[in-house]
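Open the model in your viewer and keep the sequence panel beside it. Each stop below says what to select and what is there.

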Amino acid sequence: MELTGWVKNYGWGRKGINSAVAQLAMANDPDFRLNEEETYAEMWMGTHVCGVSVVKETGETLDRVLKKDLSYLFKVLSINKALSIQVHPNKCEAERLHKERPDIYKDPNHKPELAIALTPFLALVGFMSAEDIRDYIDEFQPLSKLIGKEAVDQLHDSTNSESVKLCYEKLMKTEEPVIAKCISEIAKDYQKELKSNDLLEVFTKVNKDFPGDVGVLSLFFLNLIRLQPGQAIYLGANEIHAYLDGDCVECMACSDNVIRAGLTPKYKDVDQLLESVIFESSYKDRKEFIPYRIDEQVQVYIPPVTDFAVINVNIEHSLESYKLEIQAFGSILIVLKGSRILKLKTQQGDKEILVTRGSIVYIPVEAAPEIEFAKSEDCDEDFSGYIATSNYFRVP
């Protein structure tokens, strides 16, 4: 089944044709009309109630055709402004928050997620080591003054996650005018220090987009991660993060639950974030989430959850055919480059689909044990695509 993705026009997205989401939507849907003044932030592929994909041939929603929800939600993101300082609740928290506040927490599911960069990608991920946070607080005196002598002294005496928690809670609960004054002083008097720590450009942009927002000061607490295309990060439940800039493919458990606390015009649930977040640093000398290579054409991003995995397929144009082994789980393919004839089994028999950039295809369970990517006519470009599926992989 060929699908139409569901486009989201959040304010943090890239404008017009500069958005990878808009580019793929134009290629995916002949009825899509581009507005150069509109922001195009996300394209959803899956069965989540907030953005169900539509079957092109019939106009039916994918959840109705399947008569069930997929275990994952697949997306493309185009980011121009920070997405918010946030965490995703674990399963127990999600069930409780959805029951208590269903208007904010949309479903009872957890939301571990994987982001794979399509362009140079910038994100804040997890707390830095307590030592690095201590050094930043010492170097940027307006921040030290804001947090207060008692919390800073404790961070020096006991350089651990409990002291980091005390400092971060003090920061997040400080009144907005005090936060704005601190940011203003750092912007004015600490240009040299920001530059020497490779923070000047990021600090300036985030403060311009969200002037005086407490999330700007999270730059001194969280790891700044720079990814190149193909590199990935994995975020488990309760791991603090904020995507800042770039385009990515994202896959997650089928959920839209987000606990926000900064860099957003949306509802900020600071108390819940502080209750949920993991303060321990697990990111010292952090490297990207490494995929497992199957062969020269295929690598798989295998997270430590059963909800999803992502297969990356790259086929040189000179290769006549490539057969990908799969198991009997419903999967979704998005094509980013090139063209191929996708050959697979369906309930109606064998089927061939010409897939090109922007094509989104639901691969049914009966397509197992393999699908074929055959060379299409007059294609002199390498093929590249991502497939979201349930996590049935086991690395030997």
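**Stop 1: Aspartate 247**

Aspartate 247 has a relative accessible area of 7%, so it is buried. The model is a predicted one. Select aspartate 247 in strand β13, residues 241-253. Now show its contacts, leaving out residues up to four places away in sequence. Aspartate 247 touches Arg14, Ala20, Leu77, Ser78 and Ile79. The list goes on with Ile116, Ala117, Leu118, Thr119 and Phe121.

**Stop 2: Leucine 77**

Step across to leucine 77, one of the residues that aspartate 247 touches. Leucine 77 sits in strand β7, residues 72-79. Is leucine 77 buried or exposed? Its relative accessibility is 0%, so leucine 77 counts as buried.

What surrounds leucine 77, beyond its neighbours within four places in sequence? Trp12, Val21, Ala41, Glu42 and Leu83 are in contact with it. So too are Tyr243, Gly246, Asp247, Cys248 and Glu250.

Next, draw a C-alpha to C-alpha distance from leucine 77 to leucine 118. It reads 9.4 Å, with the two positions 41 residues apart in sequence numbering.

**Stop 3: Serine 84 and glutamine 86**

Follow the chain into the loop between β7 and β8 and select serine 84. Check its backbone: phi is positive, about 120 degrees, although serine 84 is not a glycine. With a relative accessible area of 0%, serine 84 is buried.

Move on to glutamine 86 in strand β8, residues 85-87. Glutamine 86 counts as buried because its relative accessibility is 8%. Show side chains here. The side chain of glutamine 86 makes a polar contact with that of histidine 88, at 3.4 Å.

Which residues does glutamine 86 touch, not counting those up to four places away in sequence? They are Glu239, Ile240, His241, Val258, Ile259, Arg260 and Leu273.

**Stop 4: Asparagine 238**

Select asparagine 238, in the loop between β12 (232-235) and β13. Asparagine 238 has a positive phi too, about 70 degrees, and is not a glycine. At 7% relative accessibility, it counts as buried.

**Stop 5: Helices α4, α6 and α7**

Switch to cartoon view. Select α4 (residues 130-139) and α6 (residues 149-157). Their axes are 10 Å apart and the packing angle is about 140 degrees. The two helices are therefore oblique to each other. α4 passes α6 in a left-handed crossing.

Add side chains at the contact. From α4, show Ala130, Ile133, Arg134, Ile137 and Asp138; from α6, show Val152, Leu155 and His156. By class, the contact has five nonpolar, one polar and two charged residues.

Keep α6 and add α7, residues 161-172. How do α6 and α7 pack? The angle is about 160 degrees, with the axes 9 Å apart. That makes α6 roughly antiparallel to α7. This crossing is left-handed.

At the contact, Ala151, Gln154 and Leu155 of α6 meet Glu162, Ser163, Val164, Leu166 and Cys167 of α7. Five of these residues are nonpolar, two polar and one charged. Leu155 appears in the contact with α4 and in the contact with α7.

**Stop 6: Proline 369**

Finish at the loop between β22 (360-363) and β23 (370-375), where proline 369 is found. Select alanine 368 together with proline 369. The peptide bond joining them is cis, with omega about 15 degrees.

Methods. Residues are numbered from 1 along each chain as its sequence is written. This is a predicted model: local features need pLDDT of at least 70, side-chain atom pairs count only at pLDDT 80 or more; totals for chains, interfaces and linings use all residues. Side-chain values use heavy atoms; hydrogens and water are left out. Axes are lines fitted to C-alpha atoms, for helices over the stretch in contact, and angles run from 0 to 180 degrees between N-to-C directions. Helices (H or I, at least four residues) and strands (E, at least two) are DSSP runs, numbered from the N terminus. Angles under 35 degrees count as roughly parallel, over 145 as roughly antiparallel, 65 to 115 as roughly perpendicular and the rest as oblique. A crossing is left-handed if the near helix is turned anticlockwise from the far one by less than a right angle, and right-handed if clockwise. Contact means heavy atoms within 4.5 Å. Ala, Val, Leu, Ile, Met, Phe, Trp, Tyr, Cys and Pro count as nonpolar, Asp, Glu, Lys and Arg as charged, and the others, Gly among them, as polar. Buried means under 20% relative accessible area, exposed over 50%, partly exposed in between (1.4 Å probe, protein chains only). A polar contact is a pair of N or O atoms within 3.5 Å; within protein, one must be able to donate a hydrogen and the other to accept it, and residues adjacent in sequence count only if both atoms are side-chain atoms.
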